[in-house]
Protein chains: 2
Amino acid sequence: MNSRETNRRRFLKKSVALAGLAVGGMRSASGQTPGSATPDGSARDPRLYGERSSFEKSAREIERDGRTRPFSSAALLTPLQDLDGIITPSALHYVNDHGPSKDELDPRNHRLMIHGMVERPIVFTLEELKRLPAVSRIYFIECPGNTTPNSNGRSRETVQQSHGRTSCSEWTGVPLSLLLKGTGVKSGASWVVAESADPQKYAKSIPLDKCMEDTLVAYSQNGEAVRPENGYPVRLVVPGWEGISSVKWLRRIKVVDQPYLFQNEIGAQPHVRHDGKARWFQFVMGPNSVITRPSGKQQIPGPGFYVITGLAWSGNGTVRRVEVSTDGGRTWKDARLEDPVLPLAHARFNLDWQWNGQEAVLQSRCTDDKGFVQPSLEELGKIWGVQKSFWTTATTNMGHFNPIYPWKVNRDGSVHNALFA
Amino acid sequence: MNSRETNRRRFLKKSVALAGLAVGGMRSASGQTPGSATPDGSARDPRLYGERSSFEKSAREIERDGRTRPFSSAALLTPLQDLDGIITPSALHYVNDHGPSKDELDPRNHRLMIHGMVERPIVFTLEELKRLPAVSRIYFIECPGNTTPNSNGRSRETVQQSHGRTSCSEWTGVPLSLLLKGTGVKSGASWVVAESADPQKYAKSIPLDKCMEDTLVAYSQNGEAVRPENGYPVRLVVPGWEGISSVKWLRRIKVVDQPYLFQNEIGAQPHVRHDGKARWFQFVMGPNSVITRPSGKQQIPGPGFYVITGLAWSGNGTVRRVEVSTDGGRTWKDARLEDPVLPLAHARFNLDWQWNGQEAVLQSRCTDDKGFVQPSLEELGKIWGVQKSFWTTATTNMGHFNPIYPWKVNRDGSVHNALFA
């Protein structure tokens, strides 16, 4: 028995109190199972793996922000205005990479190493990871840059442009706590560094406490393998926290005793004010909500009955209440929260609305189960200690921008972003 | 104002207590929204609408049952052995049609008529339906013929073949109760007849009570439009009941005072015993569960630690308990139920298992929150008043076959269906 095998056996004794993890899993490396029909590699057969109707055209939008984004190579925005319910179809999950695109990884060759301040460093194949106890949870992932105004001084025109950096999926994976317990975290350790297999070796420092609480090493998204652009074959899911922590194409977890302050953590992730002061280590995504229909650049055909619908979420826990105003915030009504309302997941809200053909300003406000309330733009400015003009002139990547978001309905039925109106 | 418009206004007064449903919706008929990028109709761009990794090959299996199936044209089975969590990817949802395949429907031309014993018959466009208050719910749909043994006397070899006619999605749509309330159901009405736009005009009688309780007229599946083979652009979802009630490509709801006993209801859906007695109108799918890994035709690489995982569900309500036996039913252990456990949805269970390399028989048993327990094959025979041989020699479409389902692990690690062993 070589030392790798010895460590594997010790790992299991510590993590699941059972010895003997044989190599190989019950599924083959391709996820193919004996007896399954095999689609031809070239021709698509929608009987074997279905496709949406050719009449459906909803699509991610490729970010065309003029802002210099040194640490990002591409952003694909989720079309929230087209979606129903709380699950984001995997094909439409947002993508916001911090480096060159990742070529598709071969799951048979991929490895995850756990090392650093641990008693028994270990390297996992994907099959070995899949042999361990897993959990499935419906979680949102949101980029901390979601909703940030454009640098041209105007806010985004559509809800896809303003809020399209949040999505919600059912994630399945191994609790990181189980992996860390199995390797034996050494006394004095307080952070981990999670590293991607992407070309720039994107990495992120994460406090050990969060890793032990609810962080997942996820290989499945909405029932099937994580999609390539979402970190195939394995990624972190750090629920409720900035999406930048949920490292994709995960290949290394190093247990350490301090944050490592990688280039992207220094340059992009602190949120700098004009006076040079900054917020660091603000991990939790605050309470947020947005009306997705009607929303910016949509057209209401005429006076009459409509349902105002939208999404609410909070990195603090579970959405408890969503209020909607149709008069610019003078009065508020409780919206219906649709079952299921789950911790650290998108929640769907609805409110019936009779449009009388006059100007109206529609907006929503989320309250979570810890009592945190989504702030107005003014309240957010006070929290940050900045003037309103700050939000539209900031040249850094301002994150954690979660104000109550107003859409103005004009008499002609056109709907426009009214955040800075 | 023509009579159609008059009825529409009256409908809204009754259903949502608000007048004035203008024609046209906030989304265009294609689901396309201003500002969305448009994928080229011919070339696929995975940035706009993502695709799974080319390494992933999991697929629906085309039913190759030798049984004469006069009312079915095709069956596509969900690869449960490959899936994680509770959401079935829409591309892998089971399909079991009762007639020739449906050509893709153009949503702009599709209509839903509600008529019969109602005060105000009405015809809806899809856009009009989408204007009404909707709910989103995670529900399983299961064919009553799921798990039925082959007519050749042997049971299915893989879990995809035995249990691949159940799937679970987030469905969004208008409660049928709202539509019926709006049209004004006449006194004496007790059933509805739901009709499909497929070539054979598939239709199903459904008691009015269920329609008023929780039945949905659904246009969305896992966040986006219902897939073509699952009823695009609109279908019924009758939660917890036989999948045959969840009429796809829904075009007509007729309120009536008795079941209509359509050809398929007479020929395929009563469950006939050898002595000629039959069960009719057994709508609710009973408590069920199955171990999906390890399962038939899989290979366990060697003794050691594994997680036994599977799905449980019940048309009566919510799964409360899943027990797993690894010794053919002599002893049972409670499996972990993974959050969320939702009413009328699949639930995921897991149990850690140390395989010692000896023969083992693995099986699971579901108990729901109404106290119903999944029966053994013997118990099911007593309920039906039939001998064991009945199940393997029946020539009719035996449905509601939900026995505890054993998989035998041989010493060489091979796994086989042991239901009739």
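**Strands, burial and backbone angles**

Student: How do you know that strand E16 (residues 288-293) of chain B and E17(B) pair?

Tutor: Count the bridges. There are 5 between E16(B) and E17(B), and the two strands run antiparallel. Two strands pair if DSSP finds at least two bridges between them. The count of 5 meets that cut-off, so E16(B) and E17(B) pair. One bridge sets Ile291(B) opposite Gly310(B). Another gives Val290(B) the partner Leu311(B) in E17(B).

Student: What kind of model am I looking at, and how are its parts labelled?

Tutor: This is a predicted model: local features need pLDDT of at least 70, side-chain atom pairs count only at pLDDT 80 or more, and totals for chains, interfaces and linings use all residues. Residues are numbered from 1 along each chain as its sequence is written, while chains are lettered from A and ligands numbered from 1 in the order in which they are written.

Student: What makes a stretch of chain A a helix or a strand, and how many are there?

Tutor: Both are DSSP runs, numbered from the N terminus: a helix (H or I) needs at least four residues, a strand (E) at least two. By that rule, chain A has 8 helices and 24 strands.

Student: Which strand of chain B pairs with E17(B) over 9 bridges?

Tutor: Strand E21 (residues 347-355) of chain B does, again antiparallel. There, Phe305(B) has Gln354(B) as its bridge partner. The pairs build an open sheet of 4 strands, in the order E16-E17-E21-E20 of chain B, with antiparallel pairing.

Student: Why is one side of E16 and of E20 in chain B left without a neighbour in the sheet?

Tutor: E16 and strand E20 (336-337) stand at the edges, each with a single partner strand, so one side of each has no neighbour in the sheet.

Student: Why is E17(B) described as largely enclosed by the rest of the structure?

Tutor: Start with the cut-offs. A residue is buried if 20 or more other C-beta atoms lie within 10 Å of its own, exposed if 12 or fewer, and partly exposed in between; C-beta atoms are placed from the backbone. In strand E17 (residues 304-313) of chain B, 9 of the 10 residues are buried, so the strand is largely enclosed. Across chain A, 53% of the 421 residues count as buried.

Student: Why is Thr147(B) called buried?

Tutor: Thr147(B) has 26 C-beta neighbours inside 10 Å, so it passes the cut-off and is buried. The residue sits in the loop between strand E6 (135-142) and helix H3 (159-163) of chain B. Its phi is near 80 degrees, a positive value in a residue other than glycine.

Student: What makes Lys297(B) buried?

Tutor: Lys297(B) has 21 C-beta neighbours inside 10 Å, so it counts as buried too. Its phi is near 70 degrees, also positive. Lys297(B) lies in the loop between E16 and E17 of chain B. Pro294(B) is in that loop as well. The peptide bond from Arg293(B) to Pro294(B) is cis, with omega near -5 degrees.

Student: Why point out such angles?

Tutor: Most residues other than glycine have a negative phi, and most peptide bonds are trans. Chain A has a cis bond between Tyr232(A) and Pro233(A), with omega about 5 degrees.

Student: How do you know that the side chains alternate along strand E5 (residues 122-125) of chain A?

Tutor: Compare the faces. Ile122(A) and Phe124(A) point to one face and are buried, while Val123(A) and Thr125(A) point to the other and are not. In a regular strand the side chains alternate between the two faces of the sheet. Strand E4 (residues 111-116) of chain A pairs with E5(A) in the antiparallel sense over 4 bridges. A hairpin of 5 residues joins E4(A) to E5(A).

Student: Which residues of helix H4 (residues 176-183) of chain B are buried?

Tutor: They are Leu176(B), Leu179(B), Leu180(B), Gly182(B) and Thr183(B). They cover an arc of only 160 degrees around the axis, taken from the directions from the helix axis to the C-beta atoms, so they are on the same side of H4(B).

Student: What makes H4 (residues 176-183) of chain A mostly covered?

Tutor: In H4(A), 6 of the 8 residues are buried. Just after H4(A), Gly184(A) takes a positive phi of about 80 degrees.
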